[in-house]
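Me: Could you pick one part of this structure and go through it slowly with me? Please explain the terms as they come up.

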Amino acid sequence: MKEEIQKSLQDIISGLYDNPELNTDLYVVHIQDNKDKEHGDLASNIALVLSKPLKKNPKEIANEIIEQFSLDANIIKVEVAGPGFINFFLSKSSHGEVLKKISSEKKNYGKVQPINKKVLIEYVSSNPTGPLHIGHGRGAVFGSVLSKLLKEAGFEVDEEYYVNDFGRQMNILSVSLWIRYAQLFDSQVKMLKNGYQGEYLIDIAKKLKKIKSDEFYIANKNISKLINSDQEEDEVFTDHVIEIFKSQLSKDFNFLRDFALEEIIDLIKRDLLDFGVNHNKWFSESSLYQNDKETESRVEKAIQGLKSNGFVYEKDNAIWFKSSDFGDDKDRVLKRGNGDYTYFASDVAYHLDKYDRGYDRVINIWGSDHHGYIPRVKAAMEANNRDKDKLEVVFIQFANLIREGKKITMSTRSGEFITLKELIEEVSTEAARFFYINRKADQHLDFDLDLAKEQSKDNPLYYIQYAHARICSVLRKSKAKDSELDNSDLALLDSDREVEIQKMLQQYPTLIEKAALSSEPHLICYYLKDLASSFHSYYNSEKFLVEDEMLMNSRLFLLSGVKQVIHNGLSILGINAPQEM
RNA sequence: GCCCCGUUAGCUCAGCCGGAUAGAGCGCUGGAUUCCUAAUCCAGAGGCCAUAGGUUCAAAUCCUGUACGGGGCACCA
């Protein structure tokens, strides 16, 4: 309906005012939904916009336009109001079209035809050194909902997890695992101060013991003494221990590392799956460093690319990238003085790889603490002759957990964090997903654990789900068949509440499109709350199982539309719409 | 110092690609259930949209400054 009005207005103004001085194609007619019923259903501000270029009174323009506008069965009245708005009044029966559409499209209502565009969303990508904790939860939900949303908007989506399985932290993880393992034989062995303290490594150590018995321990027993001499958090000492381990265990050290890595990734994958998060691609950082006999690794190639464009230099034994040439605060190190590549070096190679895989959009979902990181990555893309604007980064602000009105404090040090798994066990996957996504991503979020568990209208998720369950219940009792509802008389749905609900249902596809384009899935939550609220009002004001079968069927038809849209919206959030509660 | 983000009802927050009288939930006050799920609904009170300018026919919305609050600025990952 909007599109039709827009088109005919566009035709009218180009007919009336188009001339060599004024190209009316430049003025896009905007049609808005009106809040106030007095103003009709839809309105256009085009006369106000054209007032200046035409040097004419907007009301006069509006009147000229509506003279040319022809009414039909759906658009029953048009008028000029206020400073020059053109208001459109729709017939009550015209609102019912949306119900037929929903009824025929069902799950696909709101879905856009494939647009043949590919998008890569990289998210979570937490270090594989321990299980996911609640700090990762928000990004995880956001990424998975955005993925569903973009699929709904017609994109082909890949969801990727970048595994940081390279470098020093992997070594520390291996050492930590060995210590946990050694502790199974000698409880006197102490964990490194800088080691990974979490208990999950004990479980993994037990598994290791099952496979290797005491083999690794006996052969390297002497290291325990060295470790126990660790008294303070000294990075140099930690590196020293790593070196000893590497030389003494040699091949076994790699085994240890691979074993720990595999176990932890397994843990992460299980947690994500329980949380409704499904990455279809897992990208290993260390693969960027593999080189075939003939070619250099992707990291070396990436640096070579920067170098050949003249943006690399050497200083203090390190290799630097001149990111300051592209607006970054300062230059960044690619390869440290000790010969190690930095994380940034990996990231340059990784992003080049993403670009070269042929996506139309590349989206990163990062914790907001990484925002200072954008300039250098974009600089690296630019320096490699790639379009820096292709990379979109969404920042996720941290979430606080609130219990009994108070913030729960955590320290990631020493492993005292609440895991994602514990959160899910406490409040359920669905509540956790909803509460994480319910707020704009770049805003602080207070996650109220008590509210998430509450079963009342104060809990917005229950409120929405309850609306769905209530409708299911009515439909069950009515025993009405879909085919009967399809033939109901839509003109009977003419009360204010009924019209309002039909309008809301009509807005759903626009909402999905908007949420997808702006990467703002929280809009779905707000929409669903509004829709549920309108339904609950309606439910309390009308009776549905009435004698008059035509009336009953038309009302039930409306309810089934609401039900379908709640279902579709929740499914994008990865949340179930219950038949009963 | 530099860079992000915020400031809207007592509280928690929507709205922000400019549109007509600024919204929701909680809390507060008062009401609704012989009936399809009261896990619900209805009504009322409650606002200089931080502040000062600017752009515009029109600003909570766009631009600039200021104040206050949160976060970030590694040869870490």
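Reply: Helices (H or I, at least four residues) and strands (E, at least two) are DSSP runs, numbered from the N terminus. By that count, chain A has 22 helices and 15 strands. This is a predicted model, where local features need pLDDT of at least 70 and side-chain atom pairs count only at pLDDT 80 or more, while totals for chains, interfaces and linings use all residues. Residues are numbered from 1 along each chain as its sequence is written, chains are lettered from A and ligands numbered from 1 in the order written, and side-chain values use heavy atoms, with hydrogens and water left out.

Let's set the scene first. The C-alpha trace of chain A spans about 95 × 65 × 45 Å along its principal axes. In contacts (heavy atoms within 4.5 Å) with a separation of 6 or more, residues 24 or more positions apart account for 72% in chain A.

Now for our part: an open sheet. Four strands build this sheet, in the order 1-2-4-3, with antiparallel pairing; two strands pair if DSSP finds at least two bridges between them. At its edges are strand 1 (31-33) and strand 3 (75-81), each pairing on one side only. Neighbouring strands of the sheet are turned by 25° against each other on average, with direction ignored. (Axes are lines fitted to C-alpha atoms, for helices over the stretch in contact, and angles run from 0 to 180 degrees between N-to-C directions.)

Take a look at strand 3 and its partner. Strand 3 runs antiparallel to strand 4 (residues 85-90), and six bridges join the two. To find one bridge yourself, start at Lys-77: its partner in strand 4 is Phe-89. Helix 3 (residues 58-68) packs on the sheet, where it touches both strand 3 and strand 4. The direction of helix 3 makes about 160° with that of strand 3.

For a second example of pairing, move further along the chain. Strand 13 (residues 399-403) pairs with strand 15 (residues 445-448) in the parallel sense, over four bridges; Ala-399 has Leu-445 as its bridge partner in strand 15. With strand 14 (residues 406-407), strand 13 pairs in the antiparallel sense over two bridges, and Arg-403 is matched there with Lys-406. Two residues lie between strand 13 and strand 14 in this hairpin, and Glu-404 in the turn has a positive phi of about 50°.
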